[in-house]
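Please open the structure in a viewer and keep the sequence panel visible. The tour below proceeds by selections, each followed by an account of what is found there.

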Amino acid sequence: MSLPVTRRSRLRDLLATPVGRDATDKVVLFSGVPAWVPRLVGGLRLDTLDRLVRPIVGEGLVDALIGLANAGLGSAAQDEPSAGEREPVTGPQPWWRSAVFAQVYPRSFADSNGDGIGDLRGIIDHLDHFTDLGVDALWLSPVFDSPNRDMGYDVRDYRAVMAEMGTLDDLDELIAGCHRRGLRIVLDLVVNHTSTEHRWYQKALADPDSAERGYYFFRDGNASQPPNNWNSFFSGPAWRWEPSANAWALHLFDQNQVDLNWDNPAVRREVADIVGWWLDRGVDGFRLDVINYISKQPGLPDGHPFVGRLFGFTGIEHYFHGPMLHEHLAALRRDGFTRPDGTTAVMIGETPGIGIETGRLLSGAGRGELDLVFNFDALETPGHTRWDDYRYNLGHLVDFWLDYNARVTDDWVALFLENHDNPRMVSKVAGQRAADPAVRVRVARLLATLLLTMRGTPFLFQGQELGAVNEPFRGIDDLRDVESLNRYAELVAGGMPAAKAWRQVLAGSRDHARTPIRWTEHQDDSSRWLRGHDRTPGFSVEAQRDDPRSVLAWYRALLALRRAHLALATGDIECVHRSRDLVAWLRSSPDETWLVEANLGGRVRRRPRLGVAAVEVLATTTGGDAARLAPWSAVISRLR
Ligand code: NOJ
């Protein structure tokens, strides 16, 4: 690869960079164009390519790609091992590689005082749920003081607990309660932006000469013309007008979530101090919210309209992998996450838009940045977005995970199917058929098996262990999420018939995942902040706890198996069969080898002939036999 990439480079040089390789994957993902097409024209010079595509995509796209391809290969990253020099980690593995995390969405987990909102005491009271299940660590969605425009992802005070969730003492008790049970606990750190109610922002507004004014992106101007064409992820422009300051302020998310300027060393110091303060209190690390957005292209130039159309957000190429991202993360690791004894607390990056190769740059063990990244490309079948009502193809999931695993060296894959930002996977896979409890259980067990026998660190999202499905919300008044509400309003204002707008919002709403956990069969959710509507018998903790055929029991069994056999956690992986709906992989350590066979579709399939002698240990359903795999089923065997 010749670097840097220039207009005289060949397309293949661009595609050989991490960003170039990811860009190809994204085009394939968004458009469904076969992966070999970009490679076929690899010999083209970039200035020629520019001339060819300009009439279709407009000016400047090729230059934008060149800029992106060269970024991240600069300064800090250059001192770190290059792709070819990266070797697998040998010797003892960090704890989080063999761990299974459970994500808790505290607002909807357990409400101890009956005010309609889940709280820390509720989590403390239910910690046995996690030890019974057999996970190793919890990740809590935000609990810091917040006006909750975006349910805690808009922090007002990083050193205080949200009043409705409890107190700092409760949080200390929760941390201690986890540790007593051998559970680790990581919190959510939301530092790409703060709430507009944070004292930094309030000070910045009140006094243009304050140090805090430089913590944010303020731009002078006039009320009718935002400083650039960037969109907010939650609809509308990414700028809010502040009449009192006669200036615009940047917000990539809700207008009450204003972006911090990480190029200001004072901001970086503040964040490192916050991290240290919490680590001193005993937390084991953080999940870092949209952490790849913290470095913005200086000057905040306009986004390219074609890229904006492709991704649905104008401006994203100027911050999803910005010029100082690697430096800022390395500094945060050094100054915030590294403890006086030299150990580092775990850094899990939420990195939307990041592809496999840029993710690998961010998470290589030798690179001193993040430990794990969440890559979202697995979550939709190519050619679809979250807002489409379609049936998800599980083949994409396993192909993605296998491909990612084939590329890793000193890095590691974070595995997940659900979180608080996505609809339930059982519904995405089975659609209306999930209304049949038997199908629901089958699909939930299959998903559990794929997640917990794949190589990587699995993250479960609350409710997944019960086989939770999407909620039959009836109309926009049932929803609470700012993203859904804004999107619906924007679509309707743009002329879309209300029924069509509702279908779209219903397909993708984040509220499907945010309804209260069903602890009991006849739980009354009528006074909760968000109501759950699914009341299918048998899908509560109460109903499943002692039922050996339940989804919960299946998770428990799998987690126990995984814990007892390291090959299933950190062992090597080899795919030994892949055809239409069938997949089989081996997991092995020096002492043992396991075989996982799965039928990813809704029809019976002939079992692949693998020519290995295996002893069946666990099967998700009873419908299969030696020759066939039942619909949506998996079998785990031990090789003789
Ligand atoms: C990602 C979080 O997961 C999501 O819930 C939130 O709305 C945005 N980041 C903004 O903080």
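A residue counts as buried when its relative accessible area is under 20%, as exposed when that area is over 50%, and as partly exposed in between. The model on display is a predicted one.

**Gly-282 and its surroundings**

Select Gly-282, in the loop that lies between helix H12 (265–281) and strand S11 (285–288). With a relative accessible area of 21%, Gly-282 is partly exposed. Leaving aside residues up to four places away in sequence, Gly-282 touches Ile-175 and His-179. Then add Val-482, which is 200 residues from Gly-282 along the chain; the two C-alpha atoms are separated by 32 Å.

**Strand S12 and its partners**

From the loop, move on to strand S11 and select its partner S12 as well: the two strands pair in the parallel sense over four bridges. Within this pairing, Arg-287 stands opposite Ile-348 of S12. Next, display strand S13 (residues 372–374), which is joined to S12 by three bridges and runs parallel to it. Here Ile-348 stands opposite Leu-372 of S13.

Is S12 (residues 346–350) enclosed or open? Five of its five residues are buried, so the strand is largely enclosed by the rest of the structure. Colour the two faces of S12 separately: Val-346, Ile-348 and Glu-350 lie on one side, Met-347 and Gly-349 on the other, and both faces are covered.

**Helix H16**

Select residues 394–407, which form helix H16. From first C-alpha to last, H16 reaches 20 Å, close to the 20 Å expected for its 14 residues at 1.5 Å a residue. Eleven of the 14 residues are buried, so H16 is largely enclosed by the rest of the structure. Among the buried residues of H16 are Phe-400, Trp-401, Tyr-404 and Arg-407.

**Helix H4**

For a contrasting selection, take helix H4 (residues 46–57). Its twelve residues have end C-alpha atoms only 14 Å apart, short of the 16 Å that a straight helix would reach at 1.5 Å a residue. Show the side chains of Leu-46, Asp-47, Leu-49, Asp-50 and Val-57, which are buried. These residues cover an arc of only 135 degrees around the axis, which puts them on the same side of H4. On the other side of H4, Arg-51, Leu-52 and Pro-55 are exposed.

What covers the buried residues of H4? The cover includes helix H1 (11–15), helix H5 (61–70) and helix H13 (305–311). Just after H4 comes Gly-58, which has a positive phi, near 90 degrees.

**The five-stranded sheet**

Now turn to the open sheet of five strands, in the order S16-S17-S18-S22-S20 with antiparallel pairing. Its edge strands are S16 (572–579) and S20 (614–619), each of which pairs on one side only. From one strand to the next, the twist averages 20 degrees. Add helix H22 (residues 551–564), which packs on the sheet and touches strand S18 (593–599), S20 and S22; the direction of H22 makes about 140 degrees with that of S20.

Zoom in on S20 and strand S22 (residues 633–639), antiparallel strands joined by five bridges. In S22, Ser-637 is the bridge partner of Glu-616.

**Domains**

Finally, colour the chain by its assigned domains: domain 1 (11–74), domain 2 (199–259) and domain 3 (566–639). The C-alpha centres of domain 1 and domain 3 lie 38 Å apart.

Conventions. Residues numbered from 1 in each chain as written. Predicted model: local features only at pLDDT ≥ 70, side-chain atom pairs only at ≥ 80, totals over all residues. Heavy atoms only, no water. Pairing = 2+ DSSP bridges. Axes fitted to C-alpha atoms, helices over the stretch in contact; angles between N-to-C directions. Contact = heavy atoms within 4.5 Å. Expected span 1.5 Å × (residues − 1). Buried < 20%, exposed > 50% of the residue type's maximum accessible area, 1.4 Å probe, protein only. Arc of directions from axis to C-beta. Domains from an automatic or database assignment.
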